[in-house]
Amino acid sequence: MVATPGVQRGLEDVVALESRICFIDGVRGRLIYQGYDIRDLAAQSTFEEVAYLLWYGRLPTAAQLADLKTRFGTLRTLPPPLVERIESMPLESTPMDVLRTSVSALALFEPDETKPGESSIGGAQRLTAALPTILGTFHRRRTGRAPLRARPELSQAAYLLYALLDRDPTELEARAVDVALILHADHELNASTFAARVTASTLSDLYSAVTSAVGTLKGPLHGGANERVMDLLNEIGTPELCETVVKDKLAKHERIMGFGHRVYKVEDPRATILREWSRKVGEAKGNLRYYELLRRVEEVVHREKGLYPNVDLYSGSIYSLLDLPHDLFTPIFAASRVAGWTAHVLEEYQDLRLIRPTAKYVGAVDLTYVPLAERG
Ligand code: CMC
């Protein structure tokens, strides 16, 4: 559809609000959380530190971090009736549907957390701690594995892997996922964060906002591109076929997943970091196949279209090397982005303004009402 003058379809380039949480410098390829460069955070911090940073606007002290980790350990346990509900969901449900329904259901058991306002920080921590448990509970059930335990001694990344794989991850595996969680934790007003803020701007509660966000992330135009990157690698099969398959797709005007970005005009800094982690994990597993194929795909796409990789190009290869099934990739994204969603909701509550754009009406007016009995 061609846009009518004055209509910003998709709200492209519309600056809707002020925020201190996340800055994307699309020209220089920088991503900043609360003032800190993502490269420093990925090299030196943990997901727990980043979640604290997003919520409170400053890095935690050692004592504050220890306190947050203890809270996560406690908050991982779900109310038993919710565990029963998750265990009775159809086994063929998608994990994103399970997540959306369970986030909404969790609110029923947390009446004190559902009041919008300052106290929502408790709900932010509760949701961030609970998402891996929700996913693990469902995934273990559908794969016939034993129920999980809260394992308060594990970091969020290690716990997520333990919940999904039913084994303790190695240090390298846990760190690879920790870095992925840091890199996915926020990205300014992406569609799911905007959905969360729209919900919060009506003074609705945090759980409703995060339910909106999970439903929005589910769409393949937002979450999900990394799953499709792995489909492409499977289709390519061997490095020799890379050039032919990619060129053929480009000739048919198909999109190559994991490339291009609305905001970054250069390489997405998250892709640079994940490329290195894909190599590291590949080396540790003695399997550099995905890494090498992706390097070839990058070469061809850049030569043919001048496009750069985005965050989704390498993340799926890391998850696949960890034996995580494709339908868990977007839920893992959610288990990280929940920190950003909730930080934005807290910010919205502090500077609340109902988000309510207008539409340009292009329909009819002044039609004459015809009574039902007279309509042919
Ligand atoms: N493969 C092939 N061609 C592409 C691609 C791609 N991945 N991305 C853009 N193009 C082409 C597009 O066909 C168009 O070419 P032409 O001018 O010849 O018609 C040109 O580049 C501009 O495309 P556009 O859709 O106007 O660009 P955009 O900046 O609005 O698109 C995008 C951004 C992410 C929707 C798009 O690059 C895309 O579809 N990428 C593949 C899906 C993907 O990897 N999504 C994950 C995005 S990162 C997630 C996050 O940041 O949270």
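In the predicted model, Arg295 and Glu298 both belong to helix H14, which spans residues 289–305, and they are three residues apart, about one turn of the helix. Because an α-helix has 3.6 residues a turn, residues three or four places apart point the same way. The side chains of Arg295 and Glu298 form a salt bridge with an N to O distance of 3.2 Å. The two partners differ in their surroundings: Arg295 is partly exposed, with a relative accessible area of 35%, whereas Glu298 is buried at 11%.

Helix H14 also contributes to an aromatic pair. Five aromatic pairs are found in a search of the whole structure. The ring centres of Tyr291 and Tyr314 lie 6.4 Å apart and the ring planes meet at 45 degrees; since an angle under 30 degrees would count as stacked and one over 60 as edge-to-face, this pair is classed as tilted. Tyr291 is in helix H14 and Tyr314 in helix H15 (residues 312–321), so that the pair links distant parts of the chain, 23 residues apart. Tyr291 and Tyr314 are both buried.

Salt bridges were examined across the whole structure, and 29 were found. Side chains of opposite charge can pair when their charged atoms come close. Arg30 and Asp37 are joined by such a bridge through their side chains, at 3.1 Å from N to O. Here Arg30 is partly exposed, with a relative accessible area of 28%, and Asp37 is buried, at 9%. A further bridge connects Asp168 with Arg151, whose closest N and O atoms are 2.9 Å apart. Asp168 is located in the loop between helix H7 (156–165) and helix H8 (171–184), and Arg151 in the loop between H6 and H7; the pair therefore ties together parts that are 17 residues apart in sequence. Asp168 is partly exposed at 43% relative accessibility, while Arg151 is buried at 11%. In addition, a network of salt bridges links Glu235, Asp248, Lys249, Lys252 and Glu254.

The ligand is surrounded by 17 residues, of which Arg255, Ile256, Gly258, His261 and Arg262 are the closest. Polar contacts involve both backbone and side-chain atoms. A backbone N or O atom of Ile256 is placed 2.7 Å from a nitrogen atom of the ligand. A polar side-chain atom of Arg262 is 2.8 Å from a ligand oxygen atom, and a polar side-chain atom of His187 is 3.5 Å from an oxygen atom of the ligand. The ligand taken alone exposes 940 Å², of which the protein buries 63%.

Two residues of helix H6 were considered for their burial and contacts. Gln125 is part of this helix, which covers residues 120–142. With a relative accessibility of 5%, Gln125 counts as buried, because the threshold for burial is under 20%. When residues up to four places away in sequence are not counted, Gln125 touches Trp55, Tyr56, Leu68, Arg71, Phe72 and Leu75. Gly123 likewise lies in helix H6 and is buried, with a relative accessible area of 0%. The C-alpha atoms of Gly123 and Asp205 are 9.5 Å apart in space, although the residues are separated by 82 positions in sequence.

Helix H2 (residues 47–56) has nine of its 10 residues buried and is therefore largely enclosed by the rest of the structure. Trp55, one of the residues touched by Gln125, is among the buried residues of H2, together with Phe47, Glu48, Glu49, Val50, Ala51, Tyr52, Leu53 and Leu54. The helix is followed by Gly57, which has a positive phi near 80 degrees.

Positive phi values also occur at loop positions. Most residues other than glycine have a negative phi. Gln34, which is not a glycine, nevertheless has a positive phi of about 45 degrees. Gln34 is placed in the loop between strand S2 (30–33) and strand S3 (36–37), and is buried, with a relative accessible area of 18%. Asp166, also a residue other than glycine, has a positive phi near 60 degrees. Asp166 lies in the loop between H7 and H8 and counts as partly exposed at 33% relative accessibility.

Key:
Residues are numbered from 1 along each chain as its sequence is written. This is a predicted model: local features need pLDDT of at least 70, side-chain atom pairs count only at pLDDT 80 or more; totals for chains, interfaces and linings use all residues. Side-chain values use heavy atoms; hydrogens and water are left out. Helices (H or I, at least four residues) and strands (E, at least two) are DSSP runs, numbered from the N terminus. Buried means under 20% relative accessible area, exposed over 50%, partly exposed in between (1.4 Å probe, protein chains only). Contact means heavy atoms within 4.5 Å. A salt bridge is a side-chain nitrogen of Lys or Arg within 4 Å of a carboxyl oxygen of Asp or Glu. A residue is near a molecule or strand if one of its heavy atoms lies within 4 Å of it. A polar contact is a pair of N or O atoms within 3.5 Å; within protein, one must be able to donate a hydrogen and the other to accept it, and residues adjacent in sequence count only if both atoms are side-chain atoms. Accessible areas come from the Shrake-Rupley method with a 1.4 Å probe; for residues, only the protein chains shown count as cover. Rings of Phe, Tyr and Trp (its six-membered ring) pair if their centres lie within 6.5 Å; planes under 30 degrees apart count as stacked, over 60 as edge-to-face and the rest as tilted.
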